[in-house]
Amino acid sequence: MAISIVRYEEGHVEAVKRLNARLAAAGETWRFPERTRSRWLPDDAGEEIVEHYFVAVDGDEVRGGYVLKWQPFWTSSGLQTVCTLYLPLSEGIINPSFKLLGLTLVRDALKRNALAFCLGMGGAARPLPQTLKMLGWQVHDVPFYYLPMRAGPFLRHLRPLQTRKPVRLAAHIAAATRLGSLGLGVVKAFRRASSAVRAAVSFEQVDRFDAWADDVWLAARDAYSLGADRSMKSLNRLYPRGDGENRLVVVREGGKVTGWFVARSRAMKAHKYFGDMQVGSLIDGMALPGHETAVCWAARCFLDRCGSDIIVCNMQHEAWREGMRDSGWLSGPSNFALAASPKLAAAVGEPYAARVDKAHFLRGDGEGPTHL
């Protein structure tokens, strides 16, 4: 029987549970949602930003599926509906009989909307982005930035420092003798925003986005070759009031709103990179052109006040990357990739490699405001 790809309905749930059980039995950690309706972005009447689930049906069984997030994006042609494709999950990862299903899922998604992208995926070298590259997608890693805020936890828990005994011993000695704190203090003292920015910037946590978000968005959007609509309506849909993990912060310079950001700070437990550290993440933001450094500096200060041991961010736009550097963030290797479909890459403009440096992507633009 031929496999058909259809909207996920209640009648498919038991088959999805069986798929997840087969994946678990084979040692895979991927799971497809065992609910048909998105909790984050349900397809309610009148909503532009929604999630749709699709499943690959093979008789009485489900062999895979994917999720599409529909969302207005600013492009070189104005506002257009773009889809984020995520969790293209195929039983082919454990059963060679379905090895081509992953390609079928991607092609099916593009039939529904050819303006599509994937974000994250563990980095550009992983199997999914490499497959997308073979299909003609544009793929690259989104630059990664970080800054240790507290030397002791950083030296004791950062996993790459624990893999080799001499390095681990030196890190623990530095943590125990406070040499690490002294060294980090010097780094933070020299790697910070200019005195003019530090003197001008203030920030305030708020409950929701207001008219100031529209003012910033309308003033800034023409500086971007591609970016999700960051109007007040869209932002309040993506980051609803009452979500305790997302911290919405408005940034002012000289009393004037010049930007905003969304951040999180979470205590990790045996994380594969960060161990048991408190990790702060800058996951979204927008600024008036020329004020990116102020927002990056405010995010650094805010996440420090939240008690973060280390702060992290992925940032695509060249002006924002400069803002990260000018506010003292360090750059490191990225495991967070952007893959743009051929039609979306064309919408960014030519030459793509240069135009994509003016695209605005952070972690909040993918499958939800995930922390890491």
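In this predicted model, S181 is partly exposed, with a relative accessible area of 32%. The residue belongs to helix α6, which spans residues 179–190. For a sense of scale, S181 can be set against E51: 130 residues separate the two along the chain, and their C-alpha atoms are 45 Å apart.

F117 offers a view of a buried site. This phenylalanine sits in strand β5, covering residues 116–120, and its relative accessibility of 0% is why it counts as buried. Leaving aside residues up to four places away in sequence, F117 touches F73, V82, C83, T84, L85, W137, L338, A339, A340, L344, F361 and D365. The C-alpha atom of F117 lies 15 Å from that of G102, with these positions 15 residues apart along the chain.

One of the contacts of F117 is C83, which leads to the cysteines. The model has a count of 0 disulfides. For C83, the closest cysteine sulfur is that of C118, and the 11 Å between the two sulfurs is too far for a bond, because a disulfide calls for sulfur atoms within 2.5 Å. The view from the other partner agrees: C118 is in no disulfide, and its nearest cysteine sulfur is that of C83, at 11 Å. Both cysteines are nevertheless shielded. C83 has a relative accessibility of 0% and so counts as buried, while C118, at 1%, is likewise classed as buried.

Attention now turns to a pair of helices. Two packed helices are described by the angle between their axes and by the distance between those axes. Helix α10 runs over residues 292–305 and helix α11 over residues 318–326; they pack at an angle of about 50°, and their axes are 8 Å apart. The two helices are therefore oblique to each other, and the crossing of α10 past α11 is right-handed.

Which residues of α10 and α11 meet? On the α10 side they are E292, T293, V295 and C296, and on the α11 side A319, W320, E322, G323, M324 and D326. Sorted by class, this contact comprises 5 nonpolar, 2 polar and 3 charged residues. Among those named, V295 and C296 come from α10, whereas W320 and M324 come from α11.

Methods: Residues numbered from 1 in each chain as written. Predicted model: local features only at pLDDT ≥ 70, side-chain atom pairs only at ≥ 80, totals over all residues. Heavy atoms only, no water. Axes fitted to C-alpha atoms, helices over the stretch in contact; angles between N-to-C directions. Helix = DSSP H or I, 4+ residues; strand = E, 2+ residues; numbered from the N terminus. Parallel < 35°, antiparallel > 145°, perpendicular 65-115°, else oblique. Left-handed = near helix turned anticlockwise from the far one by under 90°. Contact = heavy atoms within 4.5 Å. Nonpolar A, V, L, I, M, F, W, Y, C, P; charged D, E, K, R; others polar. Buried < 20%, exposed > 50% of the residue type's maximum accessible area, 1.4 Å probe, protein only.
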